[in-house]
Amino acid sequence: MASGYATEMHGPDPVVVVCGGGGFIGGHLVRDLLAQGHSVRSVDLKPVENWHQTFSEAENLVLDLRDKESCAAAVRGAAVVYNLAADMGGMGFIESNRALCMLNVLINTHLLLAAKEAGVNRYFFASSACVYAANKQDSPENNGLKESDAYPAQPEDGYGWEKLFGERMCRNFTEDFGLQTYVARYHNVYGPHGAFKGGREKAPAAICRKIVAAKLSGRHEIEIWGDGEQTRSFTDIDDCLKGTQELLKSGVTDPVNIGSAELVSINQLVEIVEEIAGIRVRRVYKPGAPMGVRGRCSDNTKIRQILGWEPSTRLRDGMEKMYAWIHDQMTQRLNRAGTPE
Ligand code: NAD
């Protein structure tokens, strides 16, 4: 019998479903749940060979969760459903694919309905710091966004609106139908086994890739989007996994930040990666490139109150793990194909 919330069930081990299990956070969550002894079903739209991580001990299903019938098949017999499935990426992707991001509403709607109909005990929705109102993020000196700062609503166009709407649906399903829903607002999660090229990658992975490429080529120059003075906090994947799973045991169904409170500018993030790589690079700033808001950081008062814990992995330590993984991926490709990217 597995440890944690699933042991509260009676009879055979209930299934824990990870929607978006072929993605970055989903792949790590599947690994973690299997290690705890859970029976895991991992569901994703992509062919299995394109998943970031796969585990033969899990039931791996390829389904399009925009379809209602696929959602019913995904959650059959499930006690817990994690909804991490979304068509998304970093700023470069979400700023130029707003309609696609809005279409994630189909996944959230059909999964919630299927979970309600299947009698699922706990339903998790991965929301985002992109729900926060733009006027609270117009300075690089951001003191931290409290959960209440999402209202009055002025979220990121497209992706942020869809996440905010998804949060409200969860709340209404809890209030009206009694489905226990849990919502985390993730702040820039990073780590190994995620996208680092191709257009969906986020700043930490993109910076690692550029600096690895600079190191391997000897051409010590990288492009930076904007002036590099925009600030963010970045959350280590292990903190994200811990916060997510603990949240589901808390009974708190209001949205909660899962994010680091270590605020850095993109220029400071570049310095951290330069230190890890042991090189200095010339920075070529690209003023018109997608930058998002000017400053964004997580306020962790609420998560500390609920869990007595907050994400605390030092950015330098987490980035070291991700840099090492991206370096490996790129050197392996260089040896195989003669080019690192
Ligand atoms: P990801 O892109 O690596 O994973 C999402 C997965 O969902 C992908 O594997 C994708 O193939 C799958 N998917 C997309 N459409 C689908 C569909 N119709 N049916 C089934 N699967 C589908 O992203 P991630 O970084 O792992 O993010 C996971 C969740 O967390 C997403 O909901 C994302 O919006 C949210 N989030 C992530 C971050 C972050 O920094 N990574 C920050 C805030 C919120």
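Which backbone oxygen lies 3.0 Å from a polar atom of the side chain of Gln-230? In this predicted model, that oxygen belongs to Trp-225.

**Gln-230**

Gln-230 sits in the loop that runs between strand 8 (221–225) and strand 9 (231–233). Its relative accessibility is 5%, and because buried means under 20%, Gln-230 counts as buried. Besides the pairing with the Trp-225 oxygen, a polar atom of the Gln-230 side chain lies 3.1 Å from the backbone nitrogen of Gly-228. Neighbours within four places in sequence aside, the residues in contact with Gln-230 are Trp-225, Val-264, Ser-265, Ile-266, Met-291, Val-293 and Arg-294. Trp-225 thus appears both in this contact list and as the source of the backbone oxygen at 3.0 Å.

**The ligand**

There are 27 residues around the ligand, and those that come nearest are Phe-24, Ile-25, Asp-44, Tyr-159 and Val-189. By class, this shell holds 14 nonpolar, six polar and seven charged residues. Oxygen atoms of the ligand take part in the following polar contacts.

| Residue | Atom of the residue | Distance to a ligand oxygen |
|---|---|---|
| Val-189 | polar backbone atom | 2.7 Å |
| Lys-163 | polar side-chain atom | 2.9 Å |
| Ala-86 | polar backbone atom | 3.2 Å |

On its own the ligand has 810 Å² of accessible area, of which the protein covers 93%. Helix 1 (24–35), strand 5 (122–128) and helix 6 (159–177) are the elements that give two or more residues to the shell. Strand 5 gives the most, with three residues.

Key
Residues are numbered from 1 along each chain as its sequence is written. This is a predicted model: local features need pLDDT of at least 70, side-chain atom pairs count only at pLDDT 80 or more; totals for chains, interfaces and linings use all residues. Side-chain values use heavy atoms; hydrogens and water are left out. Helices (H or I, at least four residues) and strands (E, at least two) are DSSP runs, numbered from the N terminus. Buried means under 20% relative accessible area, exposed over 50%, partly exposed in between (1.4 Å probe, protein chains only). A polar contact is a pair of N or O atoms within 3.5 Å; within protein, one must be able to donate a hydrogen and the other to accept it, and residues adjacent in sequence count only if both atoms are side-chain atoms. Contact means heavy atoms within 4.5 Å. A residue is near a molecule or strand if one of its heavy atoms lies within 4 Å of it. Accessible areas come from the Shrake-Rupley method with a 1.4 Å probe; for residues, only the protein chains shown count as cover. Ala, Val, Leu, Ile, Met, Phe, Trp, Tyr, Cys and Pro count as nonpolar, Asp, Glu, Lys and Arg as charged, and the others, Gly among them, as polar.
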